[in-house]
Amino acid sequence: MYRIAWLPGDGIGREVMEAGRVVLDALKLDAEYVPADIGWEFWRQEGDALPPRTIDILKSSHCALFGAITSKPKEEAEADLAPHWRGKGLVYRSPIVRLRQMFDLGVNLRPCKAYRGNPLNYRDDIDLVVFRENTEGLYAGVELHPLPDDVRRALEAHSAPMRAFAAIASDDIALTARVITRRGAARIIRRAFEYAQKHGYPTVTLVEKPNVLRETSGLMTRVARQVALDFPHIELWERNIDAMVAELVKQPQQYGVLVTSNLFGDVISDLTAQLVGGLGFAPSGNLGDSFAVFEPTHGSAPDIAGKGVANPVGMLLAARLMLDWLGESERGTRLENALAAVIAEGRVRTRDLGGGATTLEMADAVARKL
Ligand code: ATP
């Protein structure tokens with residue numbers, strides 16, 4: 001029996017998780033779903049959006065399914081705290097970012113496939129899978145402001161252009177480091193190639209910018225060329241991030257698996273999601289070596305929360321990724337086929353698709369197909 005940590009979170013996260021449960025139950029997955037606390041409510045009441053008891057549940061589970069969480073900028077987060085927590089120096093950090101770092105979930109997998117009959121498709125022949133590095137790059141958390149003296153001295157010791165920045169007053173300069181490690185690069189790129197091999201994609205496209213980001217994108221490129229040698233049947237394509245976004249508008253059907261660093265992946269996966277219907281259609285898997293967290297890529301969507309109108313497809317596809325990861329590929333394929341059939345028929349559609357069905361009605365339609 002699988003032990004799956006169940007993390008609904010905030011807003012429509014809760015609603016789409018309910019939909020996910022309807023479909024997983026219809027698939028008769030032999031699993032125990034262990035509810036765990038995560039989200040804004042726990043930040044406000046306990047000063048921690050990811051309490052230690054939740055981490056204990058995660059540590060004793062095979063994997064986790066997660067809905068969505070609200071996140072707000074630093075000052076708003078502080079103001080939302082229950083009065084007795086304010087002024088205590090608590091800093092809000094996104095629980096999902098913490099989970100990625102805590103469990104070393106370095107691989108973010110984001111398939112974006114156009115299902116036939118989806119009126120929101122940009123084209124009907126799109127089948128893209130983005131592999132985004134999840135723990136490094138510009139989101140590694142190496143951010144400095146004001147500039148500490150030791151860093152200033154280090155900049156001074158270097159030649160231009162680094163030395164020029166050392167002359168700026170500490171408070172007038174903020175610095176973020178883009179961190180790429182050989183290990184992190186090799187892990188994401190190898191996973192991308194393995195996925196391409198398993199699922200029959202003929203190409204893997206590395207999306208970077210080595211002509212400008214010579215060291216960080218340069219390392220990604222060198223590692224990609226090395227890893228590609230182990231996959232002689234898969235072609236490595238290299239594209240600069242700026243050219244790639246243009247390509248994704250011009251001829252997205254030419255591409256399959258894309259692999260990239262954290263920030264670039266964040267940006268292009270929103271674009272690829274939009275090509276196949278928007279946030280309501282985009283699942284994501286955060287994968288480590290022995291643990292994984294699956295989620296739809298959308299947020300808690302306060303504007304539609306509580307109305308039962310959220311599209312559950314992103315969540316159902318996240319469940320499909322989870323099934324695959326658990327080795328339950330047969331159930332995963334059945335889920336995807338049932339979902340594809342409901343979309344193709346077009347009788348049950350949520351509001352984003354121009355219909356009037358609720359989140360649960362859509363899930364029920366998929367469950368009936370199963
Ligand atoms: P958060 O602060 O939690 O990230 P947000 O509103 O900034 O929330 P999203 O939750 O991702 O960001 O929502 C962006 C927009 O997309 C909103 O207008 C929302 O209603 C819409 N949206 C997101 N997910 C869905 C969904 N599953 N079905 C329908 N619309 C959605």
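# Loops, ligand and contacts

Guide: Ala 301 lies in the loop between β12 (292-296) and α12 (313-325). The model is predicted.

Visitor: What is the phi of Ala 301, roughly?
Guide: Ala 301 belongs to the loop between β12 and α12. The residue is not a glycine, yet its phi is positive. The value is about 45°.

Visitor: Which residues come nearest to the ligand?
Guide: There are 15 residues around the ligand. By class, this shell has 7 nonpolar, 7 polar and 1 charged residues. Those that come nearest are Gly 299, Ser 300, Ala 301, Asp 303 and Asn 311.

Visitor: Which residue has a backbone N or O atom 2.9 Å from a nitrogen atom of the ligand?
Guide: Take the oxygen atoms of the ligand before the nitrogen. A polar backbone atom of Ile 69 is 3.2 Å from a ligand oxygen. For Gly 299, a backbone N or O atom lies 2.8 Å from an oxygen atom of the ligand. The 2.9 Å pair with a ligand nitrogen belongs to Asn 311.

Visitor: How much of the area that the ligand exposes alone does the protein bury?
Guide: Backbone atoms of the protein meet the ligand, including one of Gly 299 at 2.8 Å from a ligand oxygen. Taken alone, the ligand exposes 610 Å². Of that area, the protein buries 67%.

Visitor: Is Ser 284 buried or exposed?
Guide: Ser 284 lies in strand β11 (residues 283-287). Its relative accessible area is 0%. Buried means under 20%. Ser 284 is therefore buried.

Visitor: With which side chain does the side chain of Ser 284 make a polar contact?
Guide: Leave aside neighbours within four places in sequence. Ser 284 is then in contact with residues that include Leu 109, Arg 110, Val 293, Phe 294 and Leu 321. The polar contact of its side chain spans 3.1 Å, and the partner is the side chain of Asn 108.

Visitor: Is Lys 28 buried or exposed?
Guide: Lys 28 is found in the loop between α1 (12-26) and β2 (31-35). It is not a glycine, but it has a positive phi of about 55°. Its relative accessible area is 66%. The cut-off is over 50%, so Lys 28 is exposed.

Visitor: Which backbone oxygen does the side chain of Arg 86 reach?
Guide: Arg 86 is found in the loop between α4 (74-80) and α5 (95-102). With a relative accessible area of 41%, Arg 86 is partly exposed. Not counting residues up to four places away in sequence, Arg 86 touches Glu 78, Ala 79 and Leu 81. At 2.8 Å, its side chain reaches the backbone oxygen of Leu 81.

Visitor: What distance separates the C-alpha atoms of Arg 86 and Gly 47?
Guide: Arg 86 and Gly 47 are 39 residues apart along the chain. Their C-alpha atoms are separated by 8.9 Å.

Visitor: Which residue precedes Pro 161 at a cis peptide bond?
Guide: Start with Pro 146, in the loop between β6 (143-144) and α6 (149-156). The bond from His 145 to Pro 146 is cis, with omega near -5°. Pro 161 lies in the loop between α6 and α7 (162-165). Its cis bond has omega near 5° and comes from Ala 160.

Visitor: What distance separates the centres of domain 2 and domain 3?
Guide: The chain is divided into domain 1 (1-103 + 291-370), domain 2 (122-142 + 177-275) and domain 3 (144-176). The centres are taken over C-alpha atoms. Those of domain 2 and domain 3 are separated by 31 Å.

Note on methods. Residues are numbered from 1 along each chain as its sequence is written. This is a predicted model: local features need pLDDT of at least 70, side-chain atom pairs count only at pLDDT 80 or more; totals for chains, interfaces and linings use all residues. Side-chain values use heavy atoms; hydrogens and water are left out. Helices (H or I, at least four residues) and strands (E, at least two) are DSSP runs, numbered from the N terminus. Buried means under 20% relative accessible area, exposed over 50%, partly exposed in between (1.4 Å probe, protein chains only). A residue is near a molecule or strand if one of its heavy atoms lies within 4 Å of it. A polar contact is a pair of N or O atoms within 3.5 Å; within protein, one must be able to donate a hydrogen and the other to accept it, and residues adjacent in sequence count only if both atoms are side-chain atoms. Accessible areas come from the Shrake-Rupley method with a 1.4 Å probe; for residues, only the protein chains shown count as cover. Ala, Val, Leu, Ile, Met, Phe, Trp, Tyr, Cys and Pro count as nonpolar, Asp, Glu, Lys and Arg as charged, and the others, Gly among them, as polar. Contact means heavy atoms within 4.5 Å. Domain bounds come from an automatic or database domain assignment.
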